[in-house]
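Here are my notes from going through this one. Have the structure open while you read.

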Amino acid sequence: MTGGPGRSADRPVVYDSDQGRICPGCQKPVKACNCRQQWQVPKIDGIVRVSRDRRNRRGKTATVITGVPGDAAGQEELAGILKRLCGSGGTAKDGVIEIQGDHRNLVLSKLTEMGYKAKLAGG
């Protein structure tokens, strides 16, 4: 056993009080990680999840859509459709579409109408 009580050798360190979060892949701090994209890509299981988020937005609400199948160009196109529908701004990056404001029900109904298997996620 290494690393302290309750810690087994086969489990990687994921947090260090001096460095913060540690990448489970390369064991470097997340900010200095080279394989970061590899373990942060959301898994696509065929279900598009629509949630509301306020983290890292200075209290402003955003509708977050994850699990959209397709390439970046297709996601950009879908983001444009949803932004026009909601009448607000937003972005599509790293496989996640963000729409400014809380438009979960409107986005969910549009995605279902377009043939996506979608559901509300989060609280």
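1. Start at the hairpin, and bear in mind that this is a predicted model. Strands β5 and β6 make a hairpin with 2 residues between them, and Asp94 in that turn has a positive phi of about 55°. The two strands pair in the antiparallel sense, over 4 bridges.

2. β6 also pairs with β4, again antiparallel, here over 5 bridges. Have a look at Glu98 in β6: Val64 stands opposite Glu98, and so does Thr91. As for cover, 4 of the 5 residues of β6 are buried.

3. Next, helix α2, residues 72-86. Its 15 residues reach 21 Å from first C-alpha to last, close to the 21 Å expected at 1.5 Å a residue. Right after α2 comes Gly87, with a positive phi near 70°.

4. Which residues of α2 are buried? They are Gln75, Leu78, Ala79, Gly80, Leu82 and Cys86. An α-helix has 3.6 residues a turn, so residues three or four places apart point the same way. The cover over the buried residues of α2 includes β4, β5, β6 and α3.

5. Last, Leu111, which sits in helix α3 (residues 104-113). Is Leu111 buried or exposed? It's buried, because its relative accessible area is 0%, and the cut-off for buried is under 20%. Leaving aside neighbours within four places in sequence, Leu111 is in contact with Val48, Val50, Ile65, Leu78, Leu82, Tyr116 and Ala118. Val48 is 63 residues from Leu111 in sequence, yet their C-alphas are 8.4 Å apart in space.

Technical notes:
Residues numbered from 1 in each chain as written. Predicted model: local features only at pLDDT ≥ 70, side-chain atom pairs only at ≥ 80, totals over all residues. Heavy atoms only, no water. Buried < 20%, exposed > 50% of the residue type's maximum accessible area, 1.4 Å probe, protein only. Contact = heavy atoms within 4.5 Å. Expected span 1.5 Å × (residues − 1). Pairing = 2+ DSSP bridges.
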